[in-house]
Amino acid sequence: MSLQGNGMVVTGGNSGIGEAIVRAAAAEGASVVLDDVAHPEETDDLVAKVQAAGGQAVGVHADVSKPADLHAMLAQAVEAYGRLDVLINNAGVETRTSLLDTSQADFAKVVATNRNGPFFGTKLAAPQSPPTAGCCPLAPPPAALTAHARAPAPARPLRSEVNSTRRTRGRGG
């Protein structure tokens with residue numbers, strides 16, 4: 001698939017899955033804007049690598065949990081490339097604490113980034129995109145998928161889980 005001439009924003013584009021999306025899209029001709037919230041040196045490094053390979057990329061400092069930052073990042077794509085065709089809502093955060101140790105502030109940050117970021121990003125991108133453009137919210141963000149995969153499994157099932165399984169076995173439930 002050729003993305004030649006498409007303006008693209010990839011949230012969370014400076015590392016992991018986002019970095020792979022940025023590299024692949026730029027290799028296919030997309031002009032990419034990617035954000036950083038904590039590691040601007042990673043964003044600068046990726047932009048330099050994309051440009052060295054003949055692609056177009058611009059890094060922007062933006063926190064996707066803040067609609068004003070999202071608006072500025074999307075506007076940067078239109079300013080830099082004249083259009084916004086594709087939005088990839090890839091940014092995601094997780095806590096590395098147990099449920100009982102997760103603070104209200106930490107949980108609020110997860111919700112603001114993983115739920116509100118894609119919602120407001122898509123909402124703000126839609127009016128700036130041509131009718132043939134694609135907005136691609138990823139739900140849930142990759143961080144949410146990997147967080148569950150890393151969670152330790154319980155040593156044995158809870159008694160209520162065992163009893164629930166016994167009651168429903170053979171009843172189609």
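In the predicted model, the lining of the largest cavity comprises four nonpolar and five polar residues, with no charged residue among them. The nonpolar or polar character of this lining is carried by Thr 11, Val 64, Leu 70, Asn 89, Asn 90, Ala 91, Thr 113, Gly 117 and Pro 118. Helix α4, which spans residues 104-125, supplies three lining residues, the largest share. The space in the largest cavity amounts to about 30 Å³, and the count of cavities of 30 Å³ or more is one.

A helix pair was examined next. Helix α1 covers residues 16-27 and helix α2 covers residues 40-52; their axes come within 10 Å and cross at roughly 20 degrees. Because angles under 35 degrees count as roughly parallel, α1 and α2 are assigned as roughly parallel to each other. The crossing of these two helices, α1 and α2, is right-handed.

On the α1 side, the contact is made by Glu 19, Val 22, Arg 23 and Ala 26, while α2 contributes Leu 46, Lys 49 and Val 50. Classified by residue type, the contact of α1 with α2 has four nonpolar and three charged residues, and no polar ones. The nonpolar residues are Val 22 and Ala 26 of α1 together with Leu 46 and Val 50 of α2; the charged residues are Glu 19 and Arg 23 of α1 and Lys 49 of α2. In the lining of the largest cavity, by contrast, there are five polar residues and no charged ones.

Key:
Residues are numbered from 1 along each chain as its sequence is written. This is a predicted model: local features need pLDDT of at least 70, side-chain atom pairs count only at pLDDT 80 or more; totals for chains, interfaces and linings use all residues. Side-chain values use heavy atoms; hydrogens and water are left out. Axes are lines fitted to C-alpha atoms, for helices over the stretch in contact, and angles run from 0 to 180 degrees between N-to-C directions. Helices (H or I, at least four residues) and strands (E, at least two) are DSSP runs, numbered from the N terminus. Angles under 35 degrees count as roughly parallel, over 145 as roughly antiparallel, 65 to 115 as roughly perpendicular and the rest as oblique. A crossing is left-handed if the near helix is turned anticlockwise from the far one by less than a right angle, and right-handed if clockwise. Contact means heavy atoms within 4.5 Å. On a 1 Å grid over the protein atoms alone, a cavity is a set of points where a 1.4 Å probe fits but cannot get out, and a pocket is an open set with protein on both sides within 12 Å along at least five of seven lines; lining residues have an atom within 4 Å of a point. Grid points are joined across faces, edges and corners, and a volume is the space filled by probe spheres set on the points.
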